[in-house]
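Me: I would like to go through this structure one question at a time, with the reasoning spelled out in each reply.

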Amino acid sequence: VQLVESGGGLVQPGGSLRLSCAASGFTFRSYPMSWYRQAPGKERELVAAISSAGGRRNYADSVKGRFTVSRDNAKNTVYLQMNSLKPEDTAMYYCNARIVVVTTPSDYWGQGTQVTVSS
């Protein structure tokens, strides 16, 4: 399993970024995918999740109305569109896949992509 995030960077408050996570090594279309973030000194938190077919999406309260998670199962890629960014969105953003083999789930993570919101 390999997850590779991209698209992070430095952006001013109110700006936008689009993160991508390219997945390989598993049947991408069969699994829900999630985005997490971790700011310095804080625990990793769930930002958004999307079902395997993309029909269901969930968001942390702090990003509702500003972030949109989507996926392209033909490209084995999940996206996070982030609008109206705030300084408190500054964090390392990680892509997550929870893959179940028989009955045992295993979490897989990418290396992360840094998002910094600052003027």
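Me: Is Ser84 buried, exposed or partly exposed?
Reply: Ser84 lies in the loop between β8 and β9, where strands (E, at least two residues) are DSSP runs numbered from the N terminus. Its phi is near 50°, a positive value in a residue other than glycine. Buried means under 20% relative accessible area, exposed over 50% and partly exposed in between, with a 1.4 Å probe and protein chains only. Because the relative accessible area of Ser84 is 41%, the residue is partly exposed.

Me: What kind of model is this?
Reply: Residues are numbered from 1 along each chain as its sequence is written, and side-chain values use heavy atoms, with hydrogens and water left out. Local features need pLDDT of at least 70, side-chain atom pairs count only at pLDDT 80 or more, and totals for chains, interfaces and linings use all residues, since the model is predicted.

Me: Which other residue, in the loop between β7 and β8, has a positive phi without being glycine?
Reply: The loop between β7 and β8 holds a residue with phi near 55°. With a relative accessible area of 26%, this residue is partly exposed, and its name is Asn76.

Me: Which element gives the largest share of the largest nonpolar core?
Reply: A nonpolar core is a set of buried Ala, Val, Leu, Ile, Met, Phe, Trp, Tyr and Cys residues joined through side-chain atoms within 4.5 Å. The largest one has 30 residues, and Phe26, Met33, Trp35, Val78, Leu80, Met82 and Tyr93 touch the most other members. The elements that give two or more residues include β3 (17–24), β4 (33–38), β8 (77–82) and β11 (113–117). The largest share, 5 residues, comes from β9.

Me: How far apart are the ring centres of Phe26 and Tyr31?
Reply: Rings of Phe, Tyr and Trp (its six-membered ring) pair if their centres lie within 6.5 Å, and planes under 30 degrees apart count as stacked, over 60 as edge-to-face and the rest as tilted. Phe26 counts as buried because its relative accessibility is 13%, and Tyr31 is buried as well, at 19%. Their planes are 65° apart, so the pair is edge-to-face, and the distance from centre to centre is 5.9 Å.

Me: Which residue forms an aromatic pair with Tyr36?
Reply: The pair is edge-to-face, with 4.9 Å between the centres and 75° between the planes. Tyr36 is in strand β4, while the partner lies 73 residues apart from it, in strand β10 (residues 104–109). This partner, which is partly exposed at 35% relative accessible area, is Trp109.

Me: Over which ring does the charged end of Arg18 sit?
Reply: A charge sits over a ring if NZ of Lys or CZ of Arg is within 6 Å of the ring centre and within 35 degrees of the ring normal. Arg44 lies over the face of Tyr94, at 3.8 Å from the ring centre. For Arg18, the charged end is 4.0 Å from the centre of the ring of Tyr79.

Me: What is the average twist from one strand to the next in the open sheet?
Reply: Two strands pair if DSSP finds at least two bridges between them, and the 4 strands of this sheet follow the order β1-β3-β8-β7 with antiparallel pairing. The edge strands, β1 (2–6) and β7, each pair on one side only. Axes are lines fitted to C-alpha atoms, for helices over the stretch in contact, and angles run from 0 to 180 degrees between N-to-C directions. From one strand to the next, the twist averages 15°.
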